[in-house]
Amino acid sequence: MPYRAAGPTATSFACASCPTEYSEVPGRWRCDCGGPLDLLNVPLPPEDLPKRLSEREWSWLRYREVLPIQAMAAVRLGENCTPMVQLELDDREILVKQEQIASTGSFKDRGAFVLVSHAREIGIASLVEDSSGNAGAAIAAYCARAGIGCDIYVPDATGSAKTRQIETYGADVVRIDGHREDTAAAAMLAAERVWYGSHVWNPFFFHGTKLLAYEIWEQLGFRAPDTLVLPTGNGTLLLGAHIGFSELLAAALISALPKIVGVQAARCCPVVCAFDGTPPRPAGAKTIASGIAVAKPARERQMVRAVRESGGSFVTVEDSD
Ligand SMILES: *Cc1c(COP(=O)(O)O)cnc(C)c1O
Ligand SMILES: [Zn+2]
C-alpha cells in the first residue's frame, strides 16, 4: 500500500512561531509559546501522480498519497471534485471554482474531511469547535457521519440559518454571550477537557483545504494557474492552497507557485494591514462579508509569509462592491 502509516504515534507537529516540535498528544493544540502548530512529515506527491490519477475515482481520495490519514479511515460524504466555470471580467478570462456544491455548501468540507477522519483514527469520541459559519457546519456534518460527538460554540448573535444547519447535523450549539473572540476563549476553555477540533488551530484541517490546489492543478492539465484570488479571514483556504502548491513545487510537479492574492473586506482587514506594515484599522461598521470578518487571525504571520513567498499581494474590497 502506498499510504503512509498515519496514526497516534506517527504524527508530529512543528510550531509556526518558534523552533519547538511536539509529538501528538490529545489536549495539545498549540505551542507553549502560543504559536499555531503545523504538521511535520507529510509525504510529497509522487513524481508519477498524474499517471496514477487517470485510474482513480473522482473523490478527494484521488490525492491519497498526500493526505495525512489512512484512506481506509476516511470519513466520507460523497465528496467530489468541484468544476470551474469560465467567466469574463473586464475583458479577462477567469475561472471560478464552484466550491458551493460541496456537501455542506463550502470548501470547509475539505478541511473537515481530513480533520474528522484523523479524529476518528486516533479514537476521539467527541470534540469541540468554535465557528458560527461554514466551518462549524462542515465539522458538525462530518462528525455526524463519523459518530463523533460535536459541540459547536457560536456567538449569541449568530444568525439562525447557520446555527439551524449545524443543529440539523446533530451537533450541540453552545451560545456564548459576546463576540467571536469571547466564543473562541470559551471553546479554548472547553478544550482543556474535550479534543479541540479547531479549523484554525488544528493543522489537519489545512491538509484538507490543500486539496483545492491539487484539483486546480489537475483541472488545468497539471499546471499551476498564474494567479489565485482567494477570500481570506483565518486563512484556512489561503494557507491550504499555499501548502498544496508548495508540495507540488517541492515535488517538481509545477515550476512556480501561483501568485496568491488575498482578499479582505475593507471593514475588517487586519492581514492587509500586517502585509502593508501599517497599524490595524480601528473596528468600524460590521461588514456583510461575515465569513471573512476575523479581527485577530491566529495564523496572520503565516498568511503574510505565504503571500509574500508566492509573489502575490492583498487587496481590500468595500461592502458596496
Ligand atoms: C471560511 C470562509 C472564507 C474564508 O476562509 P478563512 O479560512 O477564514 O480564511 C471565505 N468565504 C466563506 C464563505 C467562508 O465560509
Ligand atoms: Zn512555539
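In this account, a residue is buried when its relative accessible area is under 20%, exposed when that area is over 50%, and partly exposed in between (1.4 Å probe, protein chains only). The model is predicted: local features need pLDDT of at least 70 and side-chain atom pairs count only at pLDDT 80 or more, whereas totals for chains, interfaces and linings use all residues. Residues are numbered from 1 along each chain as its sequence is written, chains are lettered from A and ligands numbered from 1 in the order in which they are written, and side-chain values use heavy atoms, with hydrogens and water left out.

A good place to begin is with the charged pairs. Side chains of opposite charge can pair when their charged atoms come close. A salt bridge is taken here as a side-chain nitrogen of Lys or Arg within 4 Å of a carboxyl oxygen of Asp or Glu. By this criterion the structure holds 14 salt bridges. One of them joins Arg267 and Asp319, whose closest N and O atoms are 3.2 Å apart. Arg267 sits in the loop between β11 (259-265) and α9 (270-276) and Asp319 in the segment after β12 (313-317), so this pair ties together parts that are 52 residues apart in sequence. Helices and strands are named from DSSP runs (H or I of at least four residues for a helix, E of at least two for a strand) and numbered from the N terminus. The two partners differ in cover: Arg267 counts as partly exposed because its relative accessibility is 41%, while Asp319, with a relative accessible area of 18%, is buried.

Another salt bridge brings together the side chains of Glu65 and Arg56, with 2.8 Å from N to O. Here Glu65 is buried, at a relative accessible area of 7%, and Arg56 is buried as well, at 14%. This pair belongs to a network of salt bridges that links Asp48, Arg52, Arg56 and Glu65. Within the network, Arg52 is located in helix α1 (residues 49-53) and is partly exposed, its relative accessible area being 27%. The C-alpha atom of Arg52 is separated by 9.5 Å from that of Tyr63, 11 residues away along the chain. A further bridge connects Glu79 to Arg76, with 3.9 Å between the closest N and O atoms. Glu79 counts as buried at 5% relative accessibility, and Arg76 as partly exposed at 30%.

Strand β4 and the loop after it bring the surface into view. Patches are made of residues with over 30% relative accessible area and no salt bridge, like charges being joined within 9 Å and nonpolar side chains (Val, Leu, Ile, Met, Phe, Trp, Tyr) within 5 Å. Accessible areas come from the Shrake-Rupley method with a 1.4 Å probe, and for residues only the protein chains shown count as cover. In counting charges, Lys and Arg are positive and Asp and Glu negative, with His and the chain ends not counted; the place of a charge is NZ of Lys, CZ of Arg, CG of Asp or CD of Glu. Glu88, Asp90, Asp91 and Glu93 form a negative surface patch. Glu88 lies in strand β4 (residues 84-89) and counts as exposed, with 59% relative accessibility. Asp90 is in the loop between β4 and β5 (92-97) and is exposed too, with a relative accessible area of 69%.

A nonpolar surface patch is made up of Val85, Leu87, Leu89 and Ile94, which together have about 310 Å² of accessible area. Its largest share, 3 residues, comes from β4. Val85 belongs to that strand and, at 34% relative accessibility, counts as partly exposed.

The backbone also deserves a look. Most residues other than glycine have a negative phi, and most peptide bonds are trans. Asp90, although not a glycine, has a positive phi of about 50°. Phe222 is likewise not a glycine and has a positive phi of about 60°; Phe222 lies in the loop between α7 (211-219) and β10 (227-231). Leu220 is found in the loop between α7 and β10 and is buried, with a relative accessible area of 19%. From Leu220 to Met84 the C-alpha distance is 9.9 Å, with their positions 136 residues apart in sequence.

Helix α3 (residues 134-146) completes the picture. In this helix, 10 of the 13 residues are buried, so α3 is largely enclosed by the rest of the structure. Among them are Ile139, Tyr142 and Cys143.
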